[in-house]
Amino acid sequence: ISMNELQQLDKQHFLHPSSSIKQQQEHGPAFIFTEGNGIYLKDISGKKVIDGLSSLWNVNIGHGRKEMGQAAFDQMSKLAYSSCFATFSHEPAILLAAKLAELTPGDLNATFFTSGGSESNDTAIKLVRHYWILKNQPQKKKIISRTKSYHGLTIGATSATGIKVFRDFTQSLAPDFYYADHFSPESLRELIEVEGPDTIAAFISEPVQGTGGVLIAPDGYFQEIRKICDEYHILFISDEVITGFGRTGKYFGIEHYGVIPDMMTVAKGITSGYAPLGGVILSQKIHHEFIELSTETLFHGYTYSGHPVSCAVALKNIEILEREKLVENARVMGEELLKGFQWLQKEHEIVGEVRGLGLMAAIELVQDKATHTRFAKPLAPTIATELMKRGLNCRAVVLEGADTLVFAPPFIITPKVVNRMIEILHDTLSIVESSSHS
Ligand code: PLP
């Protein structure tokens, strides 16, 4: 089937997630990918690009791993599906839950499986509220998150998302959600005082805000957050959907700050995108309180909670991360990438702040470096399109006044490919600069 035919069918029948419906109708999809190999993606016209965002921050071990396919094939052939409801269980989910207890920091210990990040955050929100019901404090139900945060797009996760355009997309969101300033622990404290600590169930945060544009909290932020949560008896949920499984150069993003959350939500990198899977990991303390206080059925669960194929794929993914020391490589290559960005910052007028933690990195675009003035019309989307033409996939972030390019390449990246990314960026920025000056 030809590219043209596929484009027509796409336009007629496929409503794309996170896309401009108008643009899709006018142009159809710009890229129809057919193959992935290592750090590269190839489209139907034969064009090959560096997947500088690991697709959606998730294909961390790179594309085209045959042993991942084999793990899925083996599990599907043996037991493609059975439920984990009530008294039923199966080996892949049990072994994965045990492995997660080993990998996660502190006393994080028991996992509830889902199919992705949004479901994980919805589950965490319901579990913390249920926890306070069990503790005879049902009035503790409010959830506080941060401005510029992203927690997914099911109705609960949308309600927790600080980036307003996602909430404004629909109406009648879930009640009892509040937002503290994303870089100020004091703002959380003030909000708690205004709302009343005995009405608040939990605070949820990404260790590094991804969709917001790779926003790294100031030093001491999470240490202070942990203190405030303890002081007011509020549970702390770390949303590790992007940062989990090595993206920041440690297994979990929150480990950079030396604090232990009460719950962690994961997805994406748990399988490197080879199968859909997510989870909520509870601390031993919370898990034991659930065991002690719970008398009835846990009225929460999905058909695909602990899908055997996804769990088998996750186990293989973790085996690869460990065997190839990919988390360490993410840390080392992240430093190389950031050095490259710092060089670009010196070379280019329009490169403002650059930042990164492991292989989560960003370049801010500015009209005037000295005053941090942004362009009236953001440049990031144009530059992202130009980068793609030259063989580099990244994401343009223009939400909430940002004008940012974000990058999150697979952990298998080599110094050579880092250099190639910097070269493509250098060429593209030079061309954009000279055309914006003429
Ligand atoms: N939480 C964070 C921090 C995310 O970045 C995302 C997705 O990008 C989600 C949650 C939602 O995950 P999903 O798209 O798998 O539902």
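Helix H6 (residues 117–134) gives the largest share of the shell around the ligand, three residues. This is a predicted model. The protein is divided into domain 1 (31–61 + 325–437) and domain 2 (67–323). Helix H6 also packs on an open sheet of seven strands. The points below take the ligand shell, the sheet, the domains and one residue of helix H15 in turn.

**Ligand shell**

- The ligand is surrounded by 14 residues.
- The closest are Gly116, Gly117, Ser118, Gly152 and Val241.
- Sorted by class, the shell holds eight polar, four nonpolar and two charged residues.
- Helix H6 supplies three residues of this shell, the largest share.

**The seven-stranded sheet**

- The sheet is open, and its strands follow the order S4-S12-S11-S10-S7-S5-S6.
- Pairing within the sheet is mixed.
- Strand S4 (108–114) and strand S6 (177–180) stand at the edges. Each has a single partner strand, so one side of each is left without a neighbour in the sheet.
- On average, neighbouring strands of this sheet are turned by 25° against each other, direction ignored.

**Strand pairs**

- Strand S4 pairs with strand S12 (residues 278–283) in the antiparallel sense, over six bridges.
- Thr114 has Gly278 of S12 as its bridge partner.
- Strands S11 and S12 are also joined in the antiparallel sense, over four bridges.
- Here Met263 has Leu282 of S12 as its bridge partner.
- Strands S10 and S11 run parallel and are joined by three bridges.
- Asp239 has Thr265 of S11 as its bridge partner.

**Helices on the sheet and the cover of S11**

- Helix H6 touches S4, strand S5 (142–146), strand S7 (200–205), strand S10 (235–239), strand S11 (263–266) and S12.
- The direction of H6 makes about 30° with that of S12.
- Helix H11 (residues 284–293) lies across S4, S11 and S12. Helix H11 runs at about 85° to S12.
- In a regular strand the side chains alternate between the two faces of the sheet.
- Strand S11 is covered on both faces. Met263 and Thr265 are buried on one side, and Met264 and Val266 are buried on the other.

**Two domains**

- The C-alpha centres of domain 1 and domain 2 lie 28 Å apart.
- Contact between them involves 27 residues of domain 1 and 24 residues of domain 2.
- On the domain 1 side, at least two residues each come from helix H3 (54–57), helix H13 (326–347), strand S13 (351–357), strand S14 (360–365) and strand S17 (404–407).
- Helix H13 gives the largest share of that side, five residues.
- By class, the side of domain 1 that touches domain 2 has 17 nonpolar, seven polar and three charged residues.

**Asp427**

- Asp427 sits in helix H15 (residues 415–437).
- Asp427 has 13 other C-beta atoms within 10 Å, so this residue counts as partly exposed. The cut-offs are 12 or fewer for exposed and 20 or more for buried.
- Asp427 and Met263 are 164 residues apart in sequence. In space their C-alpha atoms are 44 Å apart.
- Met263 is one of the buried residues of strand S11, whereas Asp427 is partly exposed.

Key: Residues are numbered from 1 along each chain as its sequence is written. This is a predicted model: local features need pLDDT of at least 70, side-chain atom pairs count only at pLDDT 80 or more; totals for chains, interfaces and linings use all residues. A residue is near a molecule or strand if its C-beta atom, placed from the backbone, lies within 6 Å of it. Ala, Val, Leu, Ile, Met, Phe, Trp, Tyr, Cys and Pro count as nonpolar, Asp, Glu, Lys and Arg as charged, and the others, Gly among them, as polar. Two strands pair if DSSP finds at least two bridges between them. Axes are lines fitted to C-alpha atoms, for helices over the stretch in contact, and angles run from 0 to 180 degrees between N-to-C directions. Two residues are in contact if their C-beta atoms, placed from the backbone, lie within 7 Å. Domain bounds come from an automatic or database domain assignment.
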